[in-house]
Amino acid sequence: MSRKILVTGGAGYIGSHIVRQLGEYGYDVVVYDNCSTGIPQAVLYGELIIGDLSDINRLYQVFGKHQFDAVVHLAARLVVPESVAYPLDYYSNNTCNTINLLHCCNVMGVDKLIFSSTAAVYGESNQNFVTEDAPTSPINPYGRSKLMSELIIQDYARASTLRYVILRYFNVGGADPVGRIGQNSRATHLIANACNAALKRQSELKIFGTDFPTPDGTGIRDYVHVEDVATAHIDGLRYLEDGGNSEVVNCGYGEGYSVRQVVERVKAKAISGVDFPVINGDRRDGDPASVTASIQKIKKMLSWQPKYNNLDAIISSALAWEKRKLK
Ligand code: UD1
């Protein structure tokens, strides 16, 4: 009998890639998504239930109807500056709703969870390659809302039979290599903005801060392809199915690129071949200078083997997706 997985946020950017891979691997998928940023057409496998995680009665109904083997929990808000402006939305959506989901898991006996967390829990790390046991000290409400969720999951797991894999994603980018799905909501992140500048859908690309303590003064991030991030969830599920213990693991490539380096690659002849204006702007609230992952643990614990660890591959697939959206 095929295993049934609940994916919260499965109509969103990362979630839709996970759902597609779960379907391809023969899992039975139910997506629960309020479609505030996700879209129904992005759900290529399984059943979509449009609902909000704050509606716990609805959630109990869904758990009552389906017998889930595991939950993959992504539904959340994720834009750092927005979290600074609307912290309560982030704590309600990200933290309180995670508690609702855990209540359902508890009552209905679901004991495997993959949780979508973030490198934002580390804040300003002084490690060049941040390891999972580095101090967590988020510098924005988004990171704090996710860290609180992690702690709640860990406390609940200690008091129950729940086992979890918490995946701390670094900067997810790119799109389905054959162009079926990609980011649909209005993107705020660097690669999408730079692609939109190359496509002349925005007049310029503004760099948020050129005075960071980094070699070229701009922020450094570890960009990871959404396909590989999705695969990490499948690997995490298999790990738990095989009886693995609860773990927190980074999901990045362990390579950092500055904003200027990313912009150069978007402009490169082999990628867009389009020059566009780049404006030096002020730092954005809540942005750390540099965040790059140590990835020994995910490779060892989950046997994760990324296939697209190449900045050009991430940018090219993102650009192809943005072009499709234009049509
Ligand atoms: C992203 C994720 C966040 C995740 C974090 C992990 C999104 C929306 N946010 O945040 O959920 O926790 O990675 O590290 O996916 N920049 C510009 N100009 C732009 C856009 C961005 O200069 O137009 C700069 C930013 O200041 C930053 C870098 O590019 O230095 C990356 O920013 P962004 O792509 O927005 O992602 P993060 O804020 O790092």
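User: A polar contact is a pair of N or O atoms within 3.5 Å; within protein, one must be able to donate a hydrogen and the other to accept it, and neighbours in sequence count only through two side-chain atoms. Which residue offers its backbone oxygen to the side chain of N250?

Analyst: The model is predicted, so local features need pLDDT of at least 70 and side-chain atom pairs pLDDT 80 or more, while totals for chains, interfaces and linings use all residues. Residues are numbered from 1 along each chain as its sequence is written, and side-chain values use heavy atoms, leaving out hydrogens and water. A polar atom in the side chain of N250 sits 2.8 Å from a backbone oxygen. That oxygen belongs to V130.

User: Which strand holds N250?

Analyst: Strands are DSSP runs of E, at least two residues long, and helices are runs of H or I, at least four long, all numbered from the N terminus. N250 falls within residues 247–251. That run is strand β11.

User: Is N250 buried or exposed?

Analyst: Buried means under 20% relative accessible area, exposed over 50%, and partly exposed in between, with a 1.4 Å probe and protein chains only. N250 has a relative accessible area of 0%. Therefore N250 counts as buried.

User: How long is the polar contact between the side chains of N250 and Y122?

Analyst: This contact runs from side chain to side chain. One partner is N250 and the other is Y122. Their distance is 2.6 Å.

User: Where is V224, and what is its relative accessible area?

Analyst: V224 is part of strand β10, which covers residues 223–225. V224 is buried. Its relative accessible area is 0%.

User: How far apart in space are V224 and N309?

Analyst: Along the sequence, V224 and N309 are 85 residues apart. In space the distance is taken from C-alpha to C-alpha. It comes to 6.8 Å.

User: How many cavities of 30 Å³ or more are there?

Analyst: On a 1 Å grid over the protein atoms alone, a cavity is a set of points where a 1.4 Å probe fits but cannot get out; a pocket is an open set with protein on both sides within 12 Å along at least five of seven lines, and lining residues have an atom within 4 Å of a point. Points join across faces, edges and corners, and a volume is the space filled by probe spheres set on them. The cavities of 30 Å³ or more number two.

User: Which helix gives the largest share of the lining of the largest cavity?

Analyst: The largest cavity has a volume of about 80 Å³. Its lining includes Y13, Q183, H189, W321 and E322. Two elements, α6 (190–198) and α10 (311–326), give two or more residues to that lining. The largest share, three residues, comes from α10.

User: Which side chain does Q183 contact?

Analyst: Q183 lies in the loop between β7 (171–173) and α6. Q183 is buried, with a relative accessible area of 12%. Its side chain makes a polar contact of 3.3 Å with the side chain of H189.

User: What is the volume of the second largest cavity?

Analyst: Among the residues lining the second largest cavity are D222, Y223, Y253 and E255. Y257, N310, L311 and I314 also belong to this lining. The volume of the second largest cavity is about 40 Å³.

User: Which helix supplies most to the lining of the second largest pocket?

Analyst: The second largest pocket has a volume of about 210 Å³. It is lined by 14 residues, and Q21, Y25, T231, Q305 and K307 lie nearest its centre. Both α1 (13–24) and α7 (226–241) supply at least two lining residues. The largest share, six residues, comes from α7.

User: How far is a polar side-chain atom of D287 from an oxygen atom of the ligand?

Analyst: Other side chains reach the ligand too. N193 has a side-chain N or O atom 2.8 Å from a ligand oxygen, and R284 also has one at 2.8 Å from a ligand oxygen. For D287, the distance is 2.6 Å.

User: How many disulfides are there, and how far is C105 from the nearest cysteine sulfur?

Analyst: A disulfide is a pair of cysteine sulfur atoms within 2.5 Å, and the structure holds zero. C35 is in none, as its nearest cysteine sulfur, that of C104, is 19 Å away. C105 is in none either, and the sulfur of C104 is again the nearest, at 7.1 Å.

User: What is the relative accessible area of C105?

Analyst: C105 falls in the buried class. Its relative accessible area is 1%.
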